Amino acid sequence: MTNGLQVGSLAYDIRMKRVGEVMEEYGTRYMLRPVHGGCEWEVLRENIRPATTADQLSAALAERNANSSQGASAWG
């Protein structure tokens, strides 16, 4: 795979500002899915890069905040 991305690695979708797990690469497109499951989405090669630690932490914090605002426990 290009860009240092492999199936199973975490990537950052620059356009959507989301972190996802690489599920597949085909041609100039990647399929990502949310880290904890959900619907996959398609990303063009020019809009994707490996996720940094900061990207991953930001995504985890956003998920915790969303869960907490929906009444879910913030502690898991």
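Student: In which sense do strand 1 and strand 2 pair, and over how many bridges?

Tutor: Strand 1 (residues 10–13) and strand 2 (residues 18–26) run antiparallel, with 4 bridges. Two strands count as paired if DSSP finds at least two bridges between them, so these strands qualify. Ala11, for one, stands opposite Gly20 in strand 2. A caution first: this is a predicted model, in which local features need pLDDT of at least 70 and side-chain atom pairs pLDDT 80 or more, while totals for chains, interfaces and linings use all residues. Numbering starts from 1 along each chain as its sequence is written, and side-chain values use heavy atoms, without hydrogens and water.

Student: What makes a run a strand or a helix?

Tutor: Both are DSSP runs, numbered from the N terminus: a helix is H or I with at least four residues, a strand is E with at least two. Helix 1 covers residues 53–69, so it meets the helix minimum.

Student: How many bridges join strand 1 to strand 5?

Tutor: There are 3 bridges to strand 5 (residues 48–50), and the two run antiparallel. The minimum is two, so this is a pair as well. Tyr12 stands opposite Arg49 in strand 5.

Student: Which residue in the hairpin of strand 1 and strand 2 takes a positive phi?

Tutor: Lys17, with phi near 55°. That hairpin has 4 residues between the strands.

Student: How do you know that Arg33 forms a salt bridge with Glu21?

Tutor: Their closest N and O atoms are 3.0 Å apart. A salt bridge needs a side-chain nitrogen of Lys or Arg within 4 Å of a carboxyl oxygen of Asp or Glu, so the pair passes. Arg33 is in strand 3 (residues 29–33) and Glu21 in strand 2, 12 residues apart.

Student: Why is Glu21 called buried?

Tutor: Its relative accessibility is 19%. Buried means under 20% relative accessible area, exposed means over 50%, and partly exposed is in between (1.4 Å probe, protein chains only). So Glu21 falls in the buried class.

Student: What makes the pair of Asp55 and Arg49 a salt bridge?

Tutor: The closest N and O atoms are 2.6 Å apart, so the pair is within the cut-off. Asp55 is buried because its relative accessible area is 12%. Arg49, at 28%, counts as partly exposed.

Student: How far apart are the closest N and O atoms of Arg29 and Glu42?

Tutor: They are 2.6 Å apart, in another salt bridge. Arg29 lies in strand 3 and Glu42 in strand 4 (residues 41–44), so this pair ties together parts 13 residues apart in sequence. Arg29 has a relative accessible area of 33%, so it is partly exposed. Glu42 is partly exposed too, at 35%. The structure holds 4 salt bridges.

Student: Why is Gln56 called partly exposed?

Tutor: Its relative accessible area is 35%, so Gln56 sits between the two cut-offs. Gln56 lies in helix 1.

Student: Which residues does Gln56 touch, not counting residues up to four places away in sequence?

Tutor: Leu10, Val19 and Ala51. Contact means heavy atoms within 4.5 Å. Gln56 and Leu10 are 46 residues apart in sequence, yet 8.2 Å apart in space, C-alpha to C-alpha.
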